Amino acid sequence: PVPDAQRVQGRGHALAPAAEGPALLALGLFAAGLNDAEPVILRYLQRQPRFEVRMDYATALLGRQRYADSAVQLEQVTREQPQYARAWLIKGSLEQQNQQLDQAQASLLRFVQLQTQEKPGAEPDQADQTLTQAYLRLSEIAEQRKDYAAAQDWLGRIGNAQDLASVQTRRAAILARQGKLGEARALLHALPATTAADRRLKISAEVQMLRDDRQYPLAYDVLRDAVTADPNDLDFQYDLAMMAEKLGRMDEMERVLRAIIAAKPDYHHAYNALGYSLAERNQRLPEARQLILKALEYAPGDPYISDSLAWVDYRSGNFTEALRILQKAFADKRDAEIAAHLGEVLWMMGRKDDATAVWRDGLTINPDNETLRETIERFHARP
């Protein structure tokens with residue numbers, strides 16, 4: 001049925017390039033994973049499309065983890081339809097993810113302004129939920145800037161009772177950032193957990209705080225208890241494997257990751273983590289490559305997995321290919337760890353000025369990233 005659908009939308013577009021129907025069909029096919037449908041969407045967007053189609057395309061690009069391309073479309077939507085609140089929320093969330101904090105704050109504030117205007121016929125519950133997302137993100141931005149009073153102020157604007165767990169976990173994270181880890185954990189432990197989702201949120205928040213504070217043995221214990229309580233929770237199993245790696249328990253990490261793959265063969269994070277771990281240790285590189293390529297089958301274009309593949313090429317001496325992959329990955333996702341790897345490859349290729357420039361850029365994204373800091377220190381560089 002898919003090839004037939006492609007032929008139909010292709011013929012429809014040839015007859016009426018500006019028609020919306022073929023473009024919508026192509027958009028559905030593209031969102032389902034068919035890259036061949038994308039040219040039809042792009043040709044339609046070159047004319048005078050409905051902004052909703054461009055918005056749906058931006059959302060589909062996000063689903064395909066093509067963040068840079070999605071950002072271009074979102075920028076266009078907000079220029080053409082500056083009153084369309086949802087675009088500002090997604091744009092701000094993407095900018096925050098890319099550590100573009102000034103832009104993210106401006107976009108999110110614009111969303112709040114639009115969303116809090118009176119709108120006849122609006123759905124209050126839905127509006128409140130999207131405002132909660134915005135307030136949480138604005139709080140996170142303030143926290144990243146170490147403006148803890150502002151972070152708490154944004155949390156104080158969230159009035160939905162059903163969001164209590166999210167608010168309190170953010171309050172705990174702010175306390176932990178201020179060096180009050182004991183108070184933060186106590187706040188989490190006192191938080192009621194009436195649903196399975198609340199319990200997972202509490203555990204995930206505590207593990208993240210402990211990880212950020214480099215309390216790896218404690219984080220491992222929390223995850224081990226969580227997996228014991230629910231052996232079928234693959235996400236907590238994955239986190240346990242990552243914590244085992246932090247503690248140098250490589251055999252345990254590999255055993256847990258392979259068990260995850262056996263239980264859920266499309267769990268791409270497990271393939272990627274195992275492949276990257278092998279590459280990082282410069283071991284079994286052909287196997288590492290196959291594992292990472294398998295991960296890319298399930299998550300094509302994922303910049304983090306592409307980073308892992310580049311690391312295999314780097315370890316194998318294929319610097320030119322590693323550089324090509326890393327440059328694209330960093331363009332798609334401005335991440336401090338990708339910057340660390342990109343800089344190292346550039347340095348080893350003799351391009352030391354370019355390497356330090358990339359590392360400097362990485363420090364603006366996340367000055368506390370362990371991989372980036374270790375890489376800079378290892379090469380005695382001064383970005």
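**Entry 1: the overall fold**

I began by counting secondary structure, and the protein came out with 22 helices and 0 strands. A reminder to myself: this is a predicted model.

Next I looked up the overall dimensions. The C-alpha atoms fill a box of roughly 60 × 55 × 45 Å along the principal axes. I then checked the radius of gyration: a compact globule of 383 residues would have a value near 21 Å, and the protein has 23 Å, which agrees.

I also noted how the chain is covered. Buried residues make up 47% of the 383 residues. The accessible surface is about 19100 Å², and 51% of that belongs to carbon and sulfur atoms. Among contacts with a separation of 6 or more, 50% come from residues 24 or more positions apart.

**Entry 2: the nonpolar cores**

Which residues touch the most other members of the largest nonpolar core? I found L257 and W359, in a core of 74 residues. There is also a second, separate core of 23 residues, and I spotted Y135, L136, L138 and W154 in that one. A general point I like to keep in mind here is that nonpolar side chains tend to be buried together in soluble globular proteins.

I followed W359 outward. Leaving aside residues up to four places away in sequence, W359 touches A339, A340, G343, E344 and W347. The rest of the W359 list is L372, T375, I376, F379, A381 and P383.

**Entry 3: helix α20**

Several of those partners sent me to α20, which covers residues 336-348. I compared the span of α20 with expectation: its 13 residues reach 18 Å from first C-alpha to last, close to the 18 Å expected at 1.5 Å a residue.

Is α20 mostly covered or mostly open? I found α20 mostly covered, with 11 of its 13 residues buried. The buried set includes the W359 partners A339, A340, G343, E344 and W347. Also buried in α20 are A336, I338, H341, L342, V345 and L346.

What covers them? My list includes α16 (268-280), α18 (303-315), α19 (319-332), α21 (352-365) and α22 (370-378).

I looked at both ends of α20 too. At the start, a side-chain oxygen of D335 comes to within 2.9 Å of the backbone nitrogen of E337. Just after the helix, G350 takes a positive phi of about 85°.

**Entry 4: helix α15**

L257, from the core entry, took me to α15 (residues 250-263). This helix has 14 residues and reaches 20 Å, close to the 20 Å expected. L257 is buried there, along with E252, M253, E254, V256, I260 and I261. I note that residues three or four places apart on an α-helix point the same way, because there are 3.6 residues a turn. The buried residues of α15 pack against α13 (216-229), α14 (234-246) and α16.

**Entry 5: two polar residues**

I checked S70 first, in helix α5 (residues 67-80). S70 has a relative accessible area of 0%, so I logged this serine as buried. What does its side chain reach? A polar atom of the S70 side chain lies 2.8 Å from the backbone oxygen of A58. Beyond its sequence neighbours, S70 touches A58, L61, L62 and L94.

Then I turned to Q168, in helix α10 (residues 164-177). Buried or exposed? The relative accessible area of Q168 is 18%, and buried means under 20%, so Q168 counts as buried. Not counting residues up to four places away in sequence, Q168 touches L187 and L191.

Terms used:
Residues numbered from 1 in each chain as written. Predicted model: local features only at pLDDT ≥ 70, side-chain atom pairs only at ≥ 80, totals over all residues. Heavy atoms only, no water. Core = buried A, V, L, I, M, F, W, Y, C linked by side-chain atoms within 4.5 Å. Buried < 20%, exposed > 50% of the residue type's maximum accessible area, 1.4 Å probe, protein only. Contact = heavy atoms within 4.5 Å. Helix = DSSP H or I, 4+ residues; strand = E, 2+ residues; numbered from the N terminus. Expected span 1.5 Å × (residues − 1). Polar contact = N/O pair within 3.5 Å; in protein donor to acceptor, adjacent residues only side chain to side chain. Rg over C-alpha atoms; globule rule 2.2 N^0.38 Å. Areas by Shrake-Rupley, 256 points an atom, 1.4 Å probe, with all protein chains shown as cover.
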